[in-house]
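Me: I have a structure open and want to go through it step by step. Can you help me read it?

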Amino acid sequence: MLSVEGLSIGFQSQDGVVPTVQNVSFNLSAGEVLGLVGESGSGKTLTSLGVIGLLPPNASVTAGRVVFEGVDLLSLNQAEMRKLRGRRISMIFQDPVASLDPVFTCGDQIIEAIQLHEKIGRGEAYRRAVALLEREHVKDPARVMRSYPHELSGGQCQRIMIAMAVASRPQLIIADEPTTALDVTVQRQVLDILERLNEEVGAAILLITHDLGVVYEIADRVIVMNGGRLLEEATRDEIFRRPQHDYTKALLDAMPALGKRRDRLPVIERGGATDAPRAMASAAPPAPREPGPPILEVRDLSKTFLIKSGMLAQTQRYQAVDNVSLSIARHTTLGLVGESGCGKTSLSRLIMRLTEPDSGQILFNGTDIAQLSERRLFPVRRNIAMVFQNPFGSLNPRLSVQEAISAPMQIHGGVADRPRRVADLLDAVGLPRNAGQKYPHEFSGGQRQRIAIARALALNPSLVICDEAVSALDVSVQAQVLNLLKDLQAEFALTYLFISHDLSVVEHISDTIAVMRAGRIVETGPADAIFAAPQEEYTRILLAAVPRIGIEREDRQERLQ
Amino acid sequence: MNALAGILAFVVQKLATALTQLFVVATLVFSIMYIMPGDPVLLLLGSESSPSPETIAAMRSRLGLDQPVLTQYVSWLTDVVRFDLGNSILGGYSVGQVVADNLPRTLELGLAAIVIASLIGVPVGIAAALNRGTLVDTALTSMTTIGISVPVYILGALLIILFSLQLGWLPSSGYMDIGRNAPEHFRRLVLPAFTLGFGLAASIARMTRSSMLEILNRDFIRALRAKGMSERRIIWQHALRNASIPVVTIIGLQLGNLMGGTVLVEAMFNWPGLSTLLVDAVSSRDYPVVQGSVLAIAALFIFINLAVELIYGLLDPRIRRRRT
Amino acid sequence: MRKLIATGLLAAALASYSTAGMAQSTVYFGISGEPTTMDPMMQTGTTFRTVKLGIHRGLVNYDVDGSISHELAESYEVAPDGLSITFALRDALFHDGSPVTAADVKASLDRIRDPEGAASFRNELSAITDIEVVDNKTVRLVLDQPNAAMIHYLALPESVIMPASWIEAFEADPNVAPIGAGPFRFVNWTRGREIVAERFEDYYKEGKPHLDEVHYVFYGDENARVNAIRTGDVDIIDYVPARELEALEAEAEIRTERTFGPFMGLQFNTQFEPFSHPEVRQAIAYAVDRAVIINTAFNGIGTPIYGLAIPEGYMGYSEETTNYFTHDVERARELLAEAGYADGFEARLLASAQYSFHQNTAVAIQSELAKIGITVTLDLPDWANRMSKASVADYDFMVMGSLGEITDPDWLSNYYYGGTQLVRNNNSAYFQDDRIDELLDQARVSTDQEEREALYAEFADRALELSPLVFYMWRDQSYAVRENVQGFTNMPAFLSFQSGFSIENVTVE
Amino acid sequence: MTLFLLRMRPAVAASALLLAAVVAIAIIGPALAPYNPYEIQHLKVNQPSSPQHWLGTDEFGRDLLSRLLIGIRPTVMVAMGATVIAAAFGTFLGIVGAYGPRLVSFGIMRSVDILLAFPPILLALLAVGFWQSGVVSLMAVIGVVYTPHFARIAQSSTLQVMQQEYVQAERSMGASPLRIVFRAILPNILSPLMVQATLTIAAAILLESGLSFLGLGIVPPEPSWGQMIGTARSYLSINPMYLVWPALCLAMTVLAINIIGDYLRDLLDPRLRQ
């Protein structure tokens with residue numbers, strides 16, 4: 001039905017055309033789900049945009065054909081293409097909230113999408129829209145229809161996007177990272193919907209994602225892209241059992257997977273990559289240190305935010321952290337997992353005293369720091385460091401790497417030879433020594449996260465809080481950073497509080513686990529025990545929702561129940 | 001229901017803010033008389049004859065200036081709340097009445113300027129955005145840059161020379177009651193309103209261009225294209241509505257300059273508005289008139305800003321429920 | 001055919017819009033500012049006088065030729081001892097329909113004399129000790145001593161007669177519509193814009209006025225005012241800037257009515273050390289080239305004064321004293337040296353930025369005085385502040401642009417008299433000379449023309465010798481009038497500011 | 001965007017040159033003036049261009065070119081001085097308004113809102129109208145008038161920057177508020193402030209000229225461009241070029257500043273930089 005033949009796409013630049021997608025060919029037959037997998041920059045999104053003819057203005061197809069039901073799409077003019085779009089080929093995007101017009105109600109937008117391709121009245125279109133939402137098990141469709149996109153959750157918005165995409169029963173749906181921005185339980189639901197629609201409507205789906213787990217869940221066939229080239233094409237089973245291409249193998253290996261704990265993750269080697277030798281897969285892991293007494297104990301910590309939506313609106317209390325207690329033994333890692341909004345970041349901010357707690361104790365090395373004045377807290381701060389989620393946001397763009405890493409030393413003093421210390425730290429995190437003179441924007445995301453880690457280690461802290469420290473990174477880079485964290489833990493005798501929404505990552509790195517939901521810790525215990533036999537319903541749901549390679553979903557759910 | 005309550009809460013909140021602002025402005029306005037140099041009593045008495053101290057004292061007490069400041073403030077404020085702005089020191093006429101007469105004329109001039117500015121600015125901005133990077137864009141963008149660089153009074157002088165003195169098409173000055181001669185009323189409005197609106201038109205065009213460009217880069221535009229919507233519909237129905245939010249903001253922010261511009265434009269075109277009243281009152285130290293007209297201008301400004309924010313709320317559903 | 005008619009109608013309609021006048025005989029009079037009050041006894045400037053003379057009349061007024069014209073008074077008689085004046089009133093009506101009576105005259109003039117009041121000419125009219133209502137149509141003013149100038153003060157626009165009932169109403173509410181006995185009846189005052197007056201059908205002069213309506217439109221900005229007459233938005237404007245005279249005269253549809261009325265000069269604060277010396281003041285009179293002021297601040301239009309600012313034909317004028325000074329920088333330096341300021345000094349000159357000719361005169365004087373070593377810094381506040389400063393003598397010297405209020409030579413008292421109040425708007429602060437006071441007092445009470453001539457001649461010599469005021473030039477005071485408007489007269493010399501009187505003669509084609 | 005910038009570049013270069021020239025003339029202007037700009041020649045008033053007087057003479061017969069050249073100084077001084085005042089106070093208030101104690105910042109930002117409720121020229125008019133005007137007082141008044149604009153921008157930018165993780169990082173390290181303000185916040189809110197500064201310079205020039213035009217600006221015989229334009233408007237029928245020269249200089253300068261401002265905005269916009 002869809003046949004892409006030798007598609008090449010290039011970007012216009014001052015130095016001429018830069019080829020970005022080169023000679024990509026694949027086929028997609030009716031009703032099939034094709035997974036297109038690759039890391040960021042692999043050209044997978046560009047390929048899909050090339051198919052539907054929505055390339056950005058400075059990109060253009062330089063060679064190839066896109067044949068859809070016998071017609072070369074590239075030969076069609078805009079008007080003809082427009083008739084196909086939405087009706088025969090529709091698309092679902094990564095960020096559902098941003099992909100809806102913020103100033104119209106969702107209902108208006110679905111109705112508009114229906115009326116674009118079918119000449120029916122508004123009343124009829126409204127009924128159709130409600131029916132579509134009902135089919136997706138949207139609760140209270142009438143209210144959702146009245147709502148503006150910002151009033152709905154990401155999952156609901158994505159359902160609306162899907163409703164619009166399937167409204168005119170297209171032959172082909174291109175889904176570009178449709179679940180990346182969503183929580184894992186919501187991802188589960190959206191994937192279910194996609195799968196069911198695929199069966200009911202009979203549309204072929206081109207699923208573009210970086211997440212191999214997602215592909216494993218619903219794809220029939222898989223193609224792997226890297227660096228703008230198509231590396232491998234195979235059925236799902238083949239590619240996960242017998243990957244042919246080295247890159248595919250590496251990608252599969254680098255992914256932390258539930259139930260498969262390894263000390264180290266293999267990393268992907270790239271030609272000319274600047275990543276340091278330390279992070280090589282072959283490097284032997286240093287021996288982990290023995291757990292000690294608790295370094296951090298949190299007791300009954302609570303924080304309530306007052307939220308006021310308007311001057312005269314009622315003030316609402318929002319219990320962000322509700323009576324939380326936890327404890328981390330020296331030299332171990334506590335993994336704190338939970339979905340977005342569960343309060344895990346609030347908790348980390350409370351522990352760092354970036355937010356003032358309402359009640360409870362924070363015992364650091366036995367001293368309660370919850371109520372200390374900023375002055376009394378100051379000496380404690382040198383022993384607790386933090387690594388943030390966003391490698392682009394956590395480094396001051398106006399400071400050189402040298403300045404950034406020496407900041408804690410400037411603040412707390414006590415280090416005689418700062419340049420030397422910075423050089424050592426750069427070594428430790430595997431960055432070249434000349435990196436000190438550069439500025440953050442000259443580095444990739446993974447490298448920046450290394451800089452942030454170096455900064456955190458500057459004063460030899462005993463506790464490091466990592467708040468979603470690897471969430472923004474590609475799988476292969478994530479593997480490197482995770483390895484680095486493990487190595488450093490052994491080398492510098494660190495204790496980690498590791499916060500993440502990603503269960504696989506948490507399982508990989510943690511000794512103990514705390515599961516958080518709606519401000520409370522619902523379950524806590526040794527990592528192995530929790531992943532093997534979760535006690536709480538919520539933990540089970542959470543674990544069941546994570547796509548796992550090699551285990552069919554039905555099996556997984558059964559096993560957990 | 002919920003949405004309605006949200007809108008209501010939003011309106012009430014904005015209204016409360018505006019009233020607070022107005023109260024503070026009123027207090028500042030009251031203090032003008034005490035901060036500013038130049039004794040109004042001397043000015044009132046001394047043109048030819050030279051007043052004796054007794055006369056001055058008598059005049060003081062007649063004007064209530066011999067009362068303690070706080071007493072004066074409270075009584076002034078009470079009067080203001082009852083829309084009584086007092087009487088002119090020099091003319092004895094009711095300031096409230098005069099302000100009520102002049103305010104609509106300034107408002108009319110300002111609104112006409114905004115309408116003209118929008119009618120010119122929005123299409124120009126859209127045209128520049130849609131032809132981005134082409135010669136059309138460069139030409140239009142350059143024109144708007146020139147537009148915001150030309151002082152109001154130079155433009156006004158040029159327009160008078162061209163359209164009144166050389167071509168004789170339009171009157172150079174004055175005001176005609178709309179009830180007395182409606183066509184003449186509008187003929188006399190054209191030049192001052194255009195002079196006042198020109199700079200704003202340039203600002204609006206620039207803002208429209210950049211916000212159109214930004215909106216056109218947003219994800220939902222791509223999503224609309226993927227739905228198969230025509231470019232024209234995307235631009236007019238979706239992009240423009242979104243782009244209008246910052247444009248309305250810029251109109252709101254530019255109001256200060258616009259109201260300021262009326263000072264020059266009213267003087268140049270002999271437009272009998274609030275600014276004329278104020279400038280005259282400042283130079284004659286007629287404090288009640290200064291206070292009254294400043295208060296009126298500030299109130300006008302605050303409430304137009306309020307209107308802008310309310311329109312903003314209507315255009316952008318996100319604003320209504322933004323959490324503080 | 002129908003189309004043709006429609007087109008014709010449209011054309012006619014458009015044509016009528018493009019002219020300012022809607023009614024057949026309406027005149028739009030562009031005046032240089034807005035009156036601040038409607039209280040006739042206040043002299044607040046020419047603009048109010050212009051309006052006042054449309055609405056009000058006094059017992060007598062200055063006529064267009066400068067003579068005293070009998071208005072509400074059919075006749076008057078000065079008692080032989082000079083100690084009273086008796087007026088016989090004519091059968092005139094106020095705008096409210098009531099007759100003008102002796103009681104109204106008494107009420108109007110008593111209000112000006114009120115020692116508690118703020119009337120601009122209170123001092124001058126305080127020479128009246130009593131006002132007797134002889135009968136309904138006869139009124140007698142009793143004076144403390146003979147006063148040749150009194151009839152002139154009564155001719156001022158500030159001495160007009162209002163109904164006694166109106167005065168009461170006005171005291172209660174200053175916003176009541178003015179009522180007078182003049183040719184036009186007040187209709188309304190739109191603040192910031194215009195005052196409208198309509199023809200008073202029962203005006204006591206047969207056949208006058210000719211116009212149905214007069215609109216006094218306020219044009220504070222002089223460029224806007226000049227543009228307005230160019231484009232025909234208005235029919236008459238006052239205060240034509242000198243620089244525009246030539247261009248306006250060149251226009252076919254506009255004529256200018258010109259006169260030299262006001263004078264420009266300097267007032268001195270005689271408590272400022274250097275200016276306490278008559279030699280220094282004389283030096284300043286010698287030092288300034290009048291042509292510089294005339295050519296720069298007045299665009300070449302003006303007549304130099306080298307003596308006192310007494311117009312030819314006015315009492316006190318004499319050929320000998322007109323050229324008392326010359327432009328003589330050497331002489332100026334000598335005089336400075338005599339006074340002990342051979343190296344000059346620094347002084348602050350007060351003028352106003354609000355009127356360009358005041359400001360420009362100051363700039364020219366600054367540049368001229370620099371040549372004899374006097375360093376002048378300019379103080380150019382707006383007019384209100386300038387007036388404030390003048391009234392408390394907050395200046396070293398000050399640009400003067402003024403004129404005599406009346407045609408009787410007693411106008412000089414206001415400028416030269418010492419007396420109890422030594423800081424006034426029109427004199428040199430703290431200047432006091434007993435001889436001058438004596439001469440002015442004697443001349444005022446004298447009824448003998450020759451004696452007065454002699455007294456004023458002596459006064460002139462003394463005034464020049466001491467030079468408390470220095471005069472530089474007569475400035476042009478012009479009106480511009482559209483050609484289709486007839487009968488408007490710019491009244492001569494000092495009376496130019498009362499030209500609004502002639503509105504009763506104006507016709508429009 | 002690159003293409004657009006490339007196309008703009010000659011205009012930007014020309015503007016930068018023009019502004020450099022303006023500043024240079026403001027400094028050395030009097031040395032360049034062919035005549036004494038204060039010297040009155042009453043027999044040569046309102047003359048058109050001639051070989052002796054390239055741009056003609058004004059109503060005092062003073063050389064227009066000389067006056068234009070020295071007229072830059074008060075114009076530039078007022079504009080720059082006012083902008084420096086506004087930027088310094090405004091940025092300070094804005095940062096305190098975002099970062100300071102709750103009550104203080106509430107007070108500051110409400111006051112800023114209220115000051116913003118007054119049209120700039122109205123405030124300036126009131127202040128200058130009642131007090132004496134001159135370079136220093138104009139500078140102060142215009143500076144105060146534009147302070148709230150800077151405060152607003154500094155505050156919103158600071159709030160934005162404070163959301164950034166690097167500020168949290170600094171705080172978590174125990175950095176003092178001063179260090180956070182000077183190392184983390186100030187350098188990162190500089191871009192919008194720079195853009196605002198260029199806009200303010202342009203606005204201040206226009207405001208100064210507007211006040212001078214109303215006769216409330218620079219005190220004669222000192223010339224400033226706005227004052228020359230205000231005066232020249234009266235001599236339009238006699239010597240139209242008298243208006244044209246200063247108007248052209250003023251408009252060109254403001255235009256150049258605006259072009260530079262646009263360029264800076266494009267250059268400093270992080271979205272365009274990446």
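Reply: Yes. Start with a definition: a polar contact is a pair of N or O atoms within 3.5 Å, where, within protein, one atom must be able to donate a hydrogen and the other to accept it. Keep in mind that this is a predicted model.

Me: How many residue pairs are in polar contact across the interface of domain 1 of chain C and domain 3 of chain C?
Reply: Apply that rule to the interface of domain 1 of chain C and domain 3 of chain C. Both residues of a pair must be at pLDDT 80 or more. The number of residue pairs found is two.

Me: Which residues make up domain 3 of chain C?
Reply: The assignment splits chain C into three parts. Domain 1 is written in pieces, 9-56 + 182-235 + 484-508, and domain 2 is 60-167. That leaves domain 3, which is 262-475.

Me: How many residues does domain 3 of chain C bring to the contact with domain 1 of chain C?
Reply: The C-alpha centres of these two domains lie 34 Å apart. Domain 1 of chain C gives eight residues to the contact. Domain 3 of chain C gives 14 residues.

Me: What area do domain 1 and domain 3 of chain C bury between them, and which residues of domain 1 lose the most?
Reply: The buried area is about 770 Å², with 64% of it on carbon and sulfur atoms. On the domain 1 side, three residues together make up 71% of what that side buries. They are Ala493(C), Phe494(C) and Phe497(C).

Me: Which side chain meets Arg49(C) in a salt bridge?
Reply: Side chains of opposite charge can pair when their charged atoms come close. Between domain 1 of chain C and domain 3 of chain C the count is one salt bridge. For Arg49(C), the N to O distance is 2.9 Å, and the partner is Glu405(C).

Me: How many salt bridges are there between chain B and chain D?
Reply: Look at the contact first: it takes 45 residues from chain B and 37 residues from chain D. The two chains bury about 3500 Å² between them, and 76% of that is on carbon and sulfur atoms. Two residue pairs are in polar contact, both residues at pLDDT 80 or more. The salt bridge count is zero.

Me: How many nonpolar residues are on the side of chain B that touches chain D?
Reply: Several helices of chain B each supply at least two residues to this side, including helix 1 (2-35) and helix 10 (231-269). By class, the side has ten polar and six charged residues. The nonpolar residues number 29.

Me: What radius of gyration does chain C have, and why does it fit a compact globule?
Reply: Chain C has 17 helices and 19 strands. Its C-alpha atoms fill a box of roughly 85 × 65 × 40 Å along the principal axes. With 509 residues, a compact globule would have a radius of gyration near 23 Å, so the value for chain C agrees: 24 Å.

Me: Which chains share the most contacts?
Reply: Chain A and chain C do not touch, as their nearest C-alpha atoms are 41 Å apart. Five pairs of chains are in contact. The pair sharing the most contacts is chains B and C.

Me: Which strand of chain A holds Glu233(A)?
Reply: The structure holds 75 salt bridges over all chains. In one of them, Arg221(A) pairs with Glu233(A), the closest N and O atoms being 2.3 Å apart. The residues are twelve apart along the chain, with Arg221(A) in strand 9. Glu233(A) is in strand 10.

Methods: Residues numbered from 1 in each chain as written. Chains lettered and ligands numbered in written order. Predicted model: local features only at pLDDT ≥ 70, side-chain atom pairs only at ≥ 80, totals over all residues. Heavy atoms only, no water. Domains from an automatic or database assignment. Contact = heavy atoms within 4.5 Å. Buried area = accessible area lost by both parts, 1.4 Å probe. Salt bridge = Lys/Arg side-chain N within 4 Å of Asp/Glu carboxyl O. Polar contact = N/O pair within 3.5 Å; in protein donor to acceptor, adjacent residues only side chain to side chain. Helix = DSSP H or I, 4+ residues; strand = E, 2+ residues; numbered from the N terminus. Nonpolar A, V, L, I, M, F, W, Y, C, P; charged D, E, K, R; others polar. Rg over C-alpha atoms; globule rule 2.2 N^0.38 Å.
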